[in-house]
Amino acid sequence: MKILNPATGAVIADIPEDGAFAVRRKYERARAAQPAWAATPIKKRVAAIRAFRERVVAKHDALARTLTQEVGKPIRQSKNELNGLLKRIDFFVTEAARVLRDEKVYADEKQRLEERISHEPLGVIANISAWNYPYFVGSNVFVPALLAGNAVLYKPSEFATLTGRHIAETFHEAGIPADVFIAVIGSKAAGAALLRQPIDGVFFTGSYATGAKIGAAAGRKMIKVQLELGGKDPVYVCDDVDIRVAAAGIADGAFYNTGQSCCSVERIYVHEKIHDAFVAAFVAEVKGYKVGDPMHETTYIGPITRRPQLEVLRHQVADAKRKGAKLLTGGDVIRRKGNWFEPTVFVNVDHRMALMRDESFGPIIGIQKVKDDSEAIGLMNDSEYGLTAGVYTPDEKRARRILSRVHAGSAYWNCCDRVSPRLPWSGVGHSGIGLTLSTYGIQTFTRPKAWHLSGV
Ligand code: NAD
């Protein structure tokens, strides 16, 4: 498997992919190791995850450089991702023991009857992951899964393989047994081979198209399935905002990570009263973004990680233009080595256009004028996806009224493109099933066992 630098197209590594036999062996090792890990006291499991955190801190800059090299993420954003990882670990290690403790839910002294719930690990779980935030989306799964006593077969995306190997090495340096966390290396075939093993759960992060296949394959196994999929996340800008502040915040939400985030802002609706002023401020902001070598500290827009995505972006541009959209900036690939696309802004867009319906996953956005809140709500809900939705207004009541009617896993008032370890991360419709993060996102790696204890 050749690992390419998306900023230059150069081969940076050539490593062997796991075949079906290797995947089987890895599964058997994990299965054999899991009971001892589950029997390890929670305090020791927490200590091992804390040691992992320390190793991440020690290797911070080197890990960030690898991520930037293979994914193309601007280096400052790679460092931000690693800093965010530390905060997620802090949340999980603080909460795990309390959340995983047995619960006494009923006691009848007279009849000497007691009812309890214990949180048993699922067993051996598969984590098939995405490349765009390998530390974030990976740690949402593997950290709480390990804390809960599971063994993890982690398949990083083929576009973040070196990072996946670093994660495995770092766990092992921290004292997590080599067979309790195992990286499965490869692309679609390795993922499919992993799914053929008698695993106890599959936790997937990636596109709707792949998620649908994984859900179908896992359905027959009667195991826990969680799918964290794509989005077409809308933001509505009301007529009473501070235009400059809103434009800067929303542009960052749309273009951070070069638009390659599941919760990137992908559609903007603006009240007609402020539409033109907002668009002017927004375009000025986007034109100020520094595009270039992702290894430079000042770069904001890097390359597109997966080359085929350039075609998706080109198609959305051509389709939008054909249907009457007006291009204000960008609109084409950047002709240099590697995979590059200009930061692109369209107005006069509508929902006939792929730009406003299909996940773009790149530095491109459409802004649509609306006449009132109710038109905005209708358009925000006109999507198969439902990951996040945001509203910008100083009026909290108005924001709450709008957000309570929007179908999305996360609702944002005067913010966007934000994830918190304390809140559940989930999607509606094609954005997925199940959840990660929050205390629910620890318990999700367990099976609640019901204990009916009669002392007579
Ligand atoms: P992808 O679906 O192409 O690949 C995801 C993973 O699935 C990879 O590891 C890939 O090797 C594996 N895979 C592909 N086909 C498979 C098969 N048939 N069987 C088993 N495994 C298979 O997605 P991607 O390009 O890595 O990630 C981008 C997508 O992920 C976007 O849609 C994005 O919105 C979504 N995403 C969602 C979240 C979230 O939290 N909801 C977070 C990050 C990314």
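**Exercises on two pockets of a predicted model**

**Exercise 1.** Explain why the largest pocket of this predicted model is placed where it is with respect to domain 1 (2–229 + 431–454) and domain 2 (233–420).

*Solution.* Begin with the lining: domain 1 and domain 2 both give residues to the lining of the largest pocket, and therefore the pocket lies between them. Next, consider its volume, which comes to about 980 Å³. Then turn to the residues themselves, for the lining holds 37 of them, and F204, T205, G206, S207 and T210 are those that lie nearest the centre. To trace the lining to elements, note that α7 (188–195), β8 (201–205), α8 (208–219) and α11 (309–322) each supply at least two residues, and that the largest share, 6 residues, comes from α8. Finally, sort the lining by class, which gives 17 nonpolar, 11 polar and 9 charged residues.

**Exercise 2.** Describe the second largest pocket by its volume, and then work out where it lies with respect to the two domains.

*Solution.* The volume of this second largest pocket is about 530 Å³. Its lining is made up of 25 residues, and R88, F136, D417, R418 and V419 are the closest to its centre. Two or more lining residues come from each of α4 (75–100), α5 (134–147) and α9 (243–255), with α4 giving the most, 6 residues. Sorted by class, the lining of the second largest pocket has 10 nonpolar, 8 polar and 7 charged residues. The last step is the location: because domain 1 (2–229 + 431–454) and domain 2 (233–420) both give residues to its lining, the second largest pocket lies between them.

Note on methods. Residues are numbered from 1 along each chain as its sequence is written. This is a predicted model: local features need pLDDT of at least 70, side-chain atom pairs count only at pLDDT 80 or more; totals for chains, interfaces and linings use all residues. Side-chain values use heavy atoms; hydrogens and water are left out. On a 1 Å grid over the protein atoms alone, a cavity is a set of points where a 1.4 Å probe fits but cannot get out, and a pocket is an open set with protein on both sides within 12 Å along at least five of seven lines; lining residues have an atom within 4 Å of a point. Grid points are joined across faces, edges and corners, and a volume is the space filled by probe spheres set on the points. Helices (H or I, at least four residues) and strands (E, at least two) are DSSP runs, numbered from the N terminus. Ala, Val, Leu, Ile, Met, Phe, Trp, Tyr, Cys and Pro count as nonpolar, Asp, Glu, Lys and Arg as charged, and the others, Gly among them, as polar. Domain bounds come from an automatic or database domain assignment.
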